[in-house]
Amino acid sequence: MNRGIYKIVSNKPLTKDIYEMKLDGETSHITAPGQFLNILLDGFYLRRPISICDYDEKTVTIIYKVVGHGTDAMAKLPEGAELDILCGLGNGFDTAICGKKTVLIGGGVGVPPMYNLCKKLIAEGKEVAVILGFNTKDEIFYEEEFKALGAKVYVSTVDGSYGTKGFVTDVLKDLEYDYFCTCGPMPMFRAIEKIAATSGQYSFEERMGCGFGACMGCSCKTKYGYKRICRDGPVLEREEIIW
Amino acid sequence: MVNTKVNLCGIELDNPVIPASGTFGFGYEFAELYDINCLGTFSFKGTTKDPRFGNPTPRIAECERGMINAVGLQNPGVEKVISEELPKLAKCFSKPVMANVSGFSLEEYAYTCEKLDKEEQVGWLEVNISCPNVHGGGMSFGTSPEAAAEVTKAVKAVTTKPVIIKLSPNVTDIVAIAKACEEAGADGLSLINTLLGMRIDLKTGKPVIANKMGGFSGPAIKPVGLRMVYQVSSAVNIPVVGMGGVESAEDVIEYIMAGATAVEVGAANLVNPYVCKEIIDDLPAVMAKYGIKNLNDIKGSAHNG
């Protein structure tokens with residue numbers, strides 16, 4: 001984990017309420033896809049945990065949804081603004097245990113952490129399929145970005161306005177794969193859990209206090225004892241999760 | 001050169017800065033970030049007789065200048081704290097540590113304190129009396145002078161190290177409870193624990209945290225903490241550890257002026273994990289700024305005249 005000042009390089013909407021922010025700053029503490037940042041905002045007491053979408057030597061990209069006052073304030077931040085950020089938090093996706101034909105499943109604002117994971121897996125020579133689930137066509141983002149990485153991309157929309165009509169599981173049920181990784185809402189997780197044919201990793205969301213394992217604000221029970229979503233997660237293996 | 005040393009119940013601290021229980025784990029998450037031996041001491045995660053998972057999530061809600069938590073005393077239980085956590089703690093912290101203890105009956109308090117009292121690295125026992133008494137209809141021990149005195153006596157009877165009773169602010173007369181603890185043999189007092197509070201989600205119309213209510217902490221509660229430290233320190237003759245909303249060296253000085261011997265830092269650790277180190281680094285310059293050579297010279301200055 002690193003605490004540093006990060007400068008906003010760009011902050012723009014991808015859809016009506018989904019924004020992409022690029023930040024310049026120290027990225028050497030990011031060790032795995034699926035880790036997150038914890039961002040301090042003027043006027044708000046607790047930091048905002050946001051998953052890392054992508055990063056290189058000096059830039060980190062996050063994608064966030066405006067859901068409350070904090071993310072609304074983030075959306076209004078101008079280029080050049082500086083933010084106090086804890087970077088490289090959490091236990092991300094373990095690509096070493098992913099399969100040769102891994103499917104990545106992102107639902108809504110759960111899509112972003114799949115991006116760097118997809119990049120890593122392809123760099124490791126694995127075949128990657130990506131399923132992106134949204135409610136409707138207007139909410140879709142990053143479809144082209146995933147295609148550019150060389151992944152086979154499927155999109156599902158609940159209203160059928162684009163791609164497969166229905167849920168990510170309506171795509172997943174017909175795919176051939178030997179491992180899966182996913183991030184998204186709990187109802188999506190439960191649907192995946194019912195039909196998934198292989199081992200996999202789930203990235204969870206929880207209301208956090210500190211984000212680095214001190215306060216026990218985001219604990220959950222697993223088959224291997226109590227875990228902190230912020231520190232031991234947010235990524236947990238399918239085999240340890242108690243539903 | 002300024003002197004930041006203070007003496008807490010017979011043990012000298014290099015400085016009065018103490019991370020508060022529940023915001024610092026058993027130290028090692030923070031030891032990865034800085035050498036925690038710079039601290040005066042720290043109060044480790046509230047320990048109970050039996051392991052506890054705590055409350056369902058969400059356990060955290062944000063407030064204006066503060067937060068509410070309802071973690072529910074998650075801890076591995078005193079046996080594992082002694083066999084697993086303390087050996088790990090010893091590797092990153094070489095000073096006496098404050099053992100924070102909670103219980104749901106007099107027997108539990110006594111059992112846990114007696115075990116921790118025997119641990120070499122434990123310098124003080126800080127007894128959290130804000131827990132509900134399962135034999136007393138669920139009323140918190142900390143809300144009546146009689147119950148607070150009973151816990152103090154039960155713990156003092158089985159321990160040798162200084163016992164600091166951590167007081168709840170959710171009472172009508174904190175001075176009466178403080179005096180009852182002093183008469184029952186407490187070696188020190190720490191205050192304030194969190195204020196009972198809640199938040200409601202406008203979208204659902206329901207409380208934000210699963211436990212509905214929780215403990216409110218952060219800079220918003222500092223005036224309440226200062227007022228209670230001021231009241232209590234003028235009424236008792238034992239050291240008072242002040243806390244509530246501390247996030248700067250100025251806050252530390254303000255609490256000492258209110259009558260505190262040492263000062264705990266709670267919620268601020270969760271927002272800025274380096275805050276205690278920063279306070280300790282800033283303290284000499286801030287003392288010099290206000291012409292303070294020795295913290296003992298300003299202790300309780302608010303009471304004079």
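These exercises work through helices, a sheet and a chain contact in a predicted model.

Residues are numbered from 1 along each chain as its sequence is written, and chains are lettered from A in the order in which they are written. Local features need pLDDT of at least 70, side-chain atom pairs count only at pLDDT 80 or more, and totals for chains, interfaces and linings use all residues.

**Exercise 1. Check the length of helix H2 (residues 78-92) of chain B against its expected span.**

Step 1. Helices are DSSP runs of H or I with at least four residues; strands are runs of E with at least two; both are numbered from the N terminus.
Step 2. The expected span is 1.5 Å times one less than the number of residues.
Step 3. H2(B) has 15 residues, so it should span 21 Å.
Step 4. Its end C-alpha atoms are 20 Å apart, which agrees.

**Exercise 2. Find where H2(B) bends, and what its buried residues pack against.**

Step 1. The bend at a residue is the angle between axes fitted to the seven residues ending there and the seven starting there.
Step 2. At Glu85(B) the bend is about 40°. Pro87(B) follows within four residues.
Step 3. A residue is buried if 20 or more other C-beta atoms, placed from the backbone, lie within 10 Å of its own. Glu85(B) itself is buried, as are Val78(B), Val81(B) and Leu89(B).
Step 4. An α-helix has 3.6 residues a turn, so residues three or four places apart point the same way.
Step 5. The packing partners are helix H1 (28-31), strand E6 (97-101) and helix H3 (106-117) of chain B.

**Exercise 3. Lay out the seven-stranded sheet of chain B.**

Step 1. Strands pair if DSSP finds at least two bridges between them.
Step 2. The order is E3-E15-E14-E9-E8-E7-E6, with parallel pairing, and the sheet is open.
Step 3. Strand E3 (17-19) and E6 of chain B are the edges, each pairing on one side only.
Step 4. E3(B) joins strand E15 (residues 262-265) of chain B over three bridges. Val17(B) has Val263(B) as its bridge partner.

**Exercise 4. Describe the side of chain B that touches chain A.**

Step 1. Two residues are in contact if their C-beta atoms, placed from the backbone, lie within 7 Å.
Step 2. On that basis, 25 residues of chain B contact 21 residues of chain A.
Step 3. Strand E4 (60-63), strand E5 (66-69) and helix H8 (268-271) of chain B each supply at least two residues of this side.

Notes: A residue is buried if 20 or more other C-beta atoms lie within 10 Å of its own, exposed if 12 or fewer, and partly exposed in between; C-beta atoms are placed from the backbone.
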